[in-house]
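Grab a pencil and have a go at these exercises. Try each task yourself, then check the worked solution below it.

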Amino acid sequence: MNWHKIGAFQVDQETSCRFAQVSGDYNPLHVDPVLARRYQFGSTVMHGVNGVLKALDCMLKMHGCTVSIDTLKVQFVRPVLHGDRVDVFSQQITEQDFKLRLSVQERRVQDIDLKFGDQSGIEPEMVTYHPVSKETPQPVDLHFENTRDLEGMLDLVWIPDTVQGLFPYVMKFLPDNQIAVILGLTQIVGMHCPGLHSVFTGLSVHFKQKATACDRNLKFTVLHRDNRFSLVTIGVTHNTANGEIHALFRPEPVSQETYTELQTFVPKNQFVEQKALIIGGSRGIGEVTAKLIAAGGGYSVITYNQGKQDAQKIADDIRSHGGRCDVLSYNVLSGQEVNITNCISNERISHIYYFASPLIEKGDRLLWDNTVFHKYCNFYLTGFAALIEKFLCDAAYGKQPITVFVPSTIFLEQPQNGFTEYIAAKAAVEAFVQQLSAKYPNWIFHVPRLPRMLTDQTSGLNVKWAQTTAATMLDVLLSINTSTR
């Protein structure tokens, strides 16, 4: 059967915060852009259940009649970033059975199987639910090993006016109790189990068509655990519904070594001549590089886009132990006019380290995903070129030597299935830098093919790391420092 497009929608950060109010799911993955950048997807994402209800809203707008859900099954395939345009498609299987599909730029993000029942004129008796307290609740910081036989109960949230604003046709044509239960499912995952470190992967719920009363409470019990994937299957019971939900424990953010820990094994004054601008230095490899250079007597200036607090924390750690470090806001994609070439008073930048990167993900096509490729190119080529141009246009740098470090990847020598677009973008970086080296012989460019290292982006991989990120980067920095002297 063919898919028929029935609508489209977009969800922004403000909308996700409103959805958190009506569902009780305040997981920072959805509502805190600064914390979420350290999580698995690199930014905040739409609640999966928000997408389900948006899809139902598109469908009910088209059908325009009161219905009752008998069975709802959902597979959450991939996250939806805020601002993504989500297209909604439908297939009618029988008179009562439908399939819905959500996609972003032709990439599947959700599959929904829907069976309508016969309400037979019975209207469930609704109780008055209460919104969560004015103080934003915090999700449980639960770990996979603590979920055996876990069970609990939560109060459903019901704020009709806000639900009406978010999903007008769902509110008009679906029973209130079904909407409230669906909203409660995301609260279980995001706030209770797995809680803070959660990823919602799927749900299957059956609604009782003849129920005439609606309890305020929704109960959940962990039924099954899969250690291989940190996956939990959770049974859900309500007097009007029962079912199962599936969720993963996502990796916790990686904590790199502190500045004092790195001071112990960096040769004294090894980097004393460096005045280093570190693009993307508020976490990961950039954070480690900033600390290593400062520990070796150098001066680090780390840039951030959203992670101001992270960047400031790193700088405070370095300065409080005698090192030199400053922070600077800089977005490589915005083209904003920042006086970045003069970020150290009365001193020239001697080294540029470029670690700006989007979320590294696999493409979704058999051979080539152009959208993913252009995302990488925007960071690795366009953003990098704009930065270098700022320095070339500054009289203090145009004819004076400066060392530029822009990482490539070992994947160019060890191809990885699914990362074709990433590898191609890094190959383009190497070619671009080769041209820059020929055109500006006074500048020194380093494009090392770095191995995969432990960062927020790789923490979920089942990999035995040969050495720490700091040890790997120190070896790289020492080799570069020796070659440029």
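**Warm-up: the two domains**

The domain assignment splits the protein chain into domain 1 (4-249) and domain 2 (259-483). Keep in mind that this is a predicted model.

**Exercise 1.** Find how far apart the centres of domain 1 and domain 2 are, and how many residues each domain gives to the contact.

*Solution.*
- Step 1: Taken over C-alpha atoms, the centres of domain 1 and domain 2 are separated by 39 Å.
- Step 2: Now look at the contact: twelve residues come from domain 1 and 15 residues from domain 2.

**Exercise 2.** Work out the strand order of the open sheet of six strands, then name its edge strands.

*Solution.*
- Step 1: Reading across the sheet, the order is β13-β12-β11-β14-β15-β17, and the pairing is parallel.
- Step 2: An edge strand pairs on one side only, and that fits β13 (324-329) and β17 (444-446).
- Step 3: Going from one strand to the next, the twist averages 15 degrees.

**Exercise 3.** Describe the surroundings of strand β11 (residues 275-279): is this strand mostly covered or mostly open?

*Solution.*
- Step 1: Count the buried residues. Five of the five residues in β11 are buried, and the strand is mostly covered.
- Step 2: Sort the side chains. Lys275, Leu277 and Ile279 point one way, while Ala276 and Ile278 point the other way.
- Step 3: Check the neighbour β12 (residues 299-304). Four bridges join this strand to β11, and the two run parallel. Here isoleucine 278 sits opposite isoleucine 302 of β12.
- Step 4: Check the neighbour β14 (residues 351-354). Again four bridges link β14 to β11, in parallel. Isoleucine 278 has tyrosine 353 as its bridge partner in β14, and isoleucine 279 stands opposite tyrosine 354.
- Step 5: Add the helices. With α9 (residues 284-295) and β12, strand β11 makes a right-handed β-α-β unit. Helix α11 (residues 370-392) lies across β11, β14 and β15 (403-405), and runs at about 165 degrees to β14.

**Exercise 4.** Test whether the length of helix α4 (residues 48-63) agrees with 1.5 Å a residue.

*Solution.*
- Step 1: Helix α4 has 16 residues, and at 1.5 Å a residue they should span 22 Å. If you tried multiplying by 16, remember that the expected span uses one less than the number of residues.
- Step 2: Compare with the model: the end C-alpha atoms of α4 are 23 Å apart, which agrees.
- Step 3: Ask how covered the helix is. In α4, 13 of the 16 residues are buried, so the rest of the structure largely encloses this helix.
- Step 4: See what follows. After α4 comes glycine 64, with a positive phi near 65 degrees.

**Exercise 5.** Decide whether serine 16 and threonine 341 are buried or exposed, and list what they touch beyond four places in sequence.

*Solution.*
- Step 1: Locate them. Serine 16 is in helix α1 (residues 13-23), and threonine 341 is in the loop between β13 and β14.
- Step 2: Use the cut-off: buried means under 20% relative accessible area. Serine 16 has 0% relative accessibility, so it counts as buried. Threonine 341, at 6%, counts as buried too.
- Step 3: List contacts. Serine 16 touches Val11, His30, Val31, Val45, Met46, His47 and His82. Threonine 341 is in contact with Lys390, Phe391, Asp394 and Tyr397.

Terms used:
Residues numbered from 1 in each chain as written. Predicted model: local features only at pLDDT ≥ 70, side-chain atom pairs only at ≥ 80, totals over all residues. Heavy atoms only, no water. Buried < 20%, exposed > 50% of the residue type's maximum accessible area, 1.4 Å probe, protein only. Pairing = 2+ DSSP bridges. Right-handed = clockwise from strand over helix to strand, strands pointing away. Axes fitted to C-alpha atoms, helices over the stretch in contact; angles between N-to-C directions. Contact = heavy atoms within 4.5 Å. Domains from an automatic or database assignment.
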